[in-house]
Amino acid sequence: MAKKPKVYKINCAKCETYILTYHKYGAGKGILRLYFSNIHKPIGFSDSLFQYDSINQVPNLQCSNCDEVIGIPTTSKSDKWVFRMKQGYFHRKLKK
Ligand SMILES: [Zn+2]
């Protein structure tokens with residue numbers, strides 16, 4: 001069975017500025033971490049995430065308008081690069 005992602009738009013909770021579009025696979029309602037490979041927009045931004053040699057060089061995920069930090073770069077248990085998301089600092093909208 002082919003897995004289809006749910007497509008979420010992530011906005012800043014403080015000023016509602018659009019930040020990125022995320023494809024979420026699997027069960028679970030919460031968005032605790034964003035896998036870099038599942039970030040699809042903005043195009044330039046998702047490409048830029050893979051220019052770094054190590055996760056320590058990746059900047060925090062920030063709102064482009066109010067500079068609020070909404071995600072911290074880190075690695076998952078399976079050693080994939082992710083943003084650990086700060087709950088309450090972003091809104092998500094399911095795209096239908
Ligand atoms: Zn903001």
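A residue counts as buried if 20 or more other C-beta atoms lie within 10 Å of its own, as exposed if 12 or fewer do, and as partly exposed in between, with C-beta atoms placed from the backbone. Keep that in mind for the views below.

This is a predicted model, where local features need pLDDT of at least 70, side-chain atom pairs count only at pLDDT 80 or more, and totals for chains, interfaces and linings use all residues. Residues are numbered from 1 along each chain as its sequence is written.

**View 1. The whole protein, with one helix and eight strands.**
Helices (H or I, at least four residues) and strands (E, at least two) are DSSP runs, numbered from the N terminus. Follow the sequence and you meet the pattern β-β-β-β-α-β-β-β-β. The C-alpha atoms fit in a box of roughly 40 × 30 × 25 Å along the principal axes. The radius of gyration, taken over C-alpha atoms, can be checked against a globule rule of 2.2 Å times the number of residues to the power 0.38. For 96 residues a compact globule would come out near 12 Å, and the protein has 13 Å, which agrees. Of the 96 residues, 18% count as buried.

**View 2. An open sheet of four strands in the order β4-β2-β1-β8.**
Its strands pair in the antiparallel sense, and two strands pair if DSSP finds at least two bridges between them. The edge strands are β4 (39–41) and β8, each pairing on one side only. Neighbouring strands here are turned by 35° against each other on average, direction ignored; for such angles, axes are lines fitted to C-alpha atoms (for helices over the stretch in contact), and angles run from 0 to 180 degrees between N-to-C directions. Six bridges join β1 to β2, and six join β1 to β8. Look for I10: L20 is its bridge partner in β2, while R92 stands opposite I10 in β8. Two bridges link β2 to β4, and there Y22 has I39 as its partner.

**View 3. The hairpin of β1 and β2, with five residues between the strands.**
Zoom in on E16, which takes a positive phi near 70°.

**View 4. K95, a residue in strand β8.**
Is K95 buried or exposed? It counts as exposed because it has 11 C-beta neighbours inside 10 Å. Two residues are in contact if their C-beta atoms, placed from the backbone, lie within 7 Å. Not counting residues up to four places away in sequence, K95 touches V7, Y8 and K9. V58 is 37 residues from K95 in sequence, and their C-alpha atoms are 27 Å apart.

**View 5. A second view of strands: an open sheet in the order β3-β7-β6-β5.**
This sheet has four strands with antiparallel pairing. At the edges stand β3 (33–35) and β5 (61–62), each with a single partner strand, so one side of each is left without a neighbour in the sheet. Three bridges connect β3 and β7, with V82 in β7 as the bridge partner of Y35. Five bridges join β6 to β7, and G71 has M85 in β7 as its partner. Two bridges join β5 to β6 (residues 69–75), where Q62 stands opposite V69. In a regular strand the side chains alternate between the two faces of the sheet.

**View 6. The hairpin of β6 and β7, also drawn with its loop of five residues between the strands.**
The residue to find is D79, which takes a positive phi near 70°.

**View 7. K86, in the loop between β7 (81–85) and β8 (90–95).**
How exposed is K86, and why? K86 is partly exposed because 15 other C-beta atoms lie within 10 Å. Leaving aside its neighbours within four places in sequence, K86 is in contact with V69, I70 and G71. D67 is 19 residues from K86 along the chain, and the two C-alpha atoms are separated by 14 Å.

**View 8. The largest nonpolar core, made of 15 residues.**
A nonpolar core is a set of buried Ala, Val, Leu, Ile, Met, Phe, Trp, Tyr and Cys residues joined through C-beta atoms within 7 Å. Those with the most contacts inside this one are I10, I19, Y22, L34, I70 and F90. The elements that give two or more residues to the core are β1 (6–12), β2 (18–24) and β7. Which residues does I19 contact, leaving aside its neighbours within four places in sequence? They are I10, N11, C12, C63, I70 and F90.
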